[in-house]
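Got your viewer open and a free hand on the mouse? Here is a short tour, one selection at a time.

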Amino acid sequence: MESPESETSCIAQGDHKAAVFSWLPKEMRLWVVVTWLFVCGATALAGGEQPLSRIAIERTILAVDDSVHVKASPLVLGLKGENSGWVQVEFFHPNPSKDDWIGVFSPANFSDAICEPENNSQQPPLLCTAPIKYQFAKFKNSGYTKSGKGNLKLQLINQREDFSFALFSGGLMKPKLIAVSNMVTFANPKAPVYPRLAQGKSWNEMTITWTSGYDIKEAVPFVEWGAKDEPRFLSPAGTLTFDRNSMCGAPARTVGWRHPGYIHTSFLKELWPDSPYTYRLGHRLPNGTNIWSKLYSFKASPYPGQDSLQQIVIFGDMGKAEADGSNEFNDFQPGSLNTTNQIIRDLENIDMVVHIGDICYANGYLSQWDQFTSQIEPIASTVPYMIGSGNHERDWPGTGSFYGNIDSGGECGVPAQTVFYTPAENRAKFWYATDYGMFRFCIANTEEDWRPGTEQYKFIERCLSSVDRQKQPWLIFLAHRVLGYSSCTYYETEGTFEEPMGREALQELWQKYKVDLSFYGHVHNYERTCPVYQSQCVVAASDYYSGPFMATTHVVVGGAGANIADSEFTTSNIQWSHFRDFDFGFVKLTAFNHSSLLFEYKKSRDGNVYDHFTISRDYRDVLACSIDNCPRTTLAT
């Protein structure tokens, strides 16, 4: 959902300079956090705000106390090639408080990171040192406020750098840095990690994108792959990255900045339909040594129109969460882990995932993209993980986004379009078509103008009109914001029950080209309409539809993980609203053949089906006329 349109200024005033601390020993200066550290956009909002923004890093003062200690173990993780591991953090504070907290920092020498000032009122140097996660010292330590003793079990993932753990007093708004732990690292911090599959631009192409710490000058990236018991192939990979100057504002340019590593993409071509393949990621060092990932597998896509069982999962607004309970995930994205785990449990019965925007809610804290790709690795390394763009990926004032709010935290789309591959003609535009067997998916970008006459409108019509419905009968439209119908109170106050200018611009296209289903995120709940056109149910809502197409069924499925507090339903009686659920969940589509499609809505808490319907339709039913979609005819014989 949307955050406020105006950015709160949080510029810390003061004339402190780095020289103030020059008298300190070098090892102590390493951990200094300057009092006037600048960060914008870090104001906490109720429900759904990035937890890291709740920390007023700009107010941190140095208060090192020799009687306080923090110790982390083990010192090295990933000795057997693992990309994640658990660390035990033990700490003691002789004057404990319920507001004390532990921050996890990476790189370990976190005060070395320097930011440029955002305006002339600031004086360099400025330190950019937001933690990658945090937890209160009293978490699962009920006696901490009396004894001062505590320990936390925290999960780390390989993020290309070492880690340290800092104890702060004073709470999140007036933090005092009082102690820093020893360093913890992974055995190979630069290792290739977190592969993400995606459909290529042709049906028999699969792309593999992954992250590593190896620049192209240090090692050559490639993928070794092949069918089972067949010769192996080596496919080269291209390498991308971005720097702080690619960010459009704070916190992405300031305390939220963290180097994203190097993003590699390889294109596996001329795959055999529905065939299983294995692959592993590789980097060849100058001395000829190869650095390998573990072995992964996937199944190639079916030929467009192929008649076989095909199963697709669709959701929006999932975000990420912490398995160790850090970052207050229960308040921010409480359903995220449940959704992820339910999909993993059913992965053998899933062919592709479509995540329609608001991917990880990093909101300018770049470390969270690694956290998200790690969380979905079991899914994205096995089936294509297709994404759309949402407001929390793209929106930033003065950067060409259709909405001029600050929801991306200064990212302005750069991390999303780099970390994930999409088969778009222009990845920055983020609209594209992709086929999977009997499905055609037209994925729009609501953060760019979609109205008639625009470049995107032309794409949408081309995508809808170019599909051969005899071969691909199931035509699906997807977008992040609700361009169709939602009875959320947010849209009720707008007086539209939709994104303004949404269905008015597109409903004639949906009707003309007989779009079966239209999916949206943005609103953090689930809702299904009747087959509706011009706000009227063309036919009554049902659990079973047969015969000619009458109108599009619209589905909001934005409850995959992010906080649902701002997405309540109206109490008004809305004719076209058939089924509502104010909970976390996702949709699964199953095409049995060219004539039968099953729709299921599952809750993330248990994976059970809570809403469903079936469409039974022959090709002649697709060709048949209904309202506003009859082709012209002639009296000639």
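How do the residues of the lining of the largest cavity divide into nonpolar, polar and charged? They split into 7 nonpolar, 4 polar and 4 charged. Keep in mind as you click around that this is a predicted model.

**Stop 1: the largest cavity**

Let's take a look at that cavity. Select Pro 260, Leu 366, Trp 369, Asp 370 and Val 419: of the 15 residues that line the largest cavity, these lie nearest its centre. The space they surround has a volume of about 90 Å³, and the structure holds 4 cavities of 30 Å³ or more. Now colour helix H5 and helix H8 (414-419), the elements that give two or more residues to this lining. H5 gives the most, with 4 residues.

**Stop 2: the largest pocket**

Next, pick Asn 83, Ser 84, Tyr 194, Ser 374 and Glu 377. You're now at the largest pocket, which has a volume of about 630 Å³; of the 33 residues that line the pocket, those five are the closest to its centre. To see which elements take part, show strand E9 (149-157), helix H4 (336-345), helix H5 (367-375) and helix H6 (377-380), each of which gives two or more residues to the lining. H4 gives the most here, with 4 residues. If you colour the pocket lining by residue type, you should get 14 nonpolar, 13 polar and 6 charged residues.

**Stop 3: the sheet**

Switch to a cartoon view for this one. Find the open sheet of 7 strands, with mixed pairing, and follow its order: E23-E22-E21-E33-E34-E35-E30. At the edges sit strand E23 (385-388) and strand E30 (544-546), each paired on one side only. As you go from one strand to the next, the twist averages 15 degrees.

Zoom in on the E30 edge. E30 pairs with strand E35 (residues 609-616) in the parallel sense, over 3 bridges. Select Ser 546 and you'll find Ser 616 of E35 standing opposite.

Now bring back H4, which you met at the pocket. What does H4 touch when it packs on the sheet? The helix touches strand E21 (310-315), strand E22 (352-356) and strand E33 (585-591). The direction of H4 makes about 25 degrees with that of E33.

**Stop 4: a salt bridge**

Stay with E33 and show the side chains of Lys 588 and Asp 346. These two form a salt bridge, with their closest N and O atoms 2.9 Å apart. Lys 588 lies in strand E33, while Asp 346 is in the loop between H4 and E22, so the pair ties together parts that are 242 residues apart in sequence. Fancy hunting for others? The structure holds 30 salt bridges.

**Stop 5: backbone oddments**

Finish with some loops. Go to Pro 74, in the loop between strand E2 (69-73) and strand E3 (76-77). The peptide bond from Ser 73 to Pro 74 is cis, with omega near 0 degrees. Then hop to Pro 107, in the loop between strand E5 (101-105) and strand E6 (114-115). Ser 106 and Pro 107 are joined by a cis peptide bond too, with omega about 5 degrees.

Last click: His 522, in the loop between strand E27 (517-520) and strand E28 (526-533). Its phi is near 70 degrees, a positive value in a residue other than glycine.

How values were computed:
Residues are numbered from 1 along each chain as its sequence is written. This is a predicted model: local features need pLDDT of at least 70, side-chain atom pairs count only at pLDDT 80 or more; totals for chains, interfaces and linings use all residues. Side-chain values use heavy atoms; hydrogens and water are left out. On a 1 Å grid over the protein atoms alone, a cavity is a set of points where a 1.4 Å probe fits but cannot get out, and a pocket is an open set with protein on both sides within 12 Å along at least five of seven lines; lining residues have an atom within 4 Å of a point. Grid points are joined across faces, edges and corners, and a volume is the space filled by probe spheres set on the points. Ala, Val, Leu, Ile, Met, Phe, Trp, Tyr, Cys and Pro count as nonpolar, Asp, Glu, Lys and Arg as charged, and the others, Gly among them, as polar. Two strands pair if DSSP finds at least two bridges between them. Axes are lines fitted to C-alpha atoms, for helices over the stretch in contact, and angles run from 0 to 180 degrees between N-to-C directions. Contact means heavy atoms within 4.5 Å. A salt bridge is a side-chain nitrogen of Lys or Arg within 4 Å of a carboxyl oxygen of Asp or Glu.
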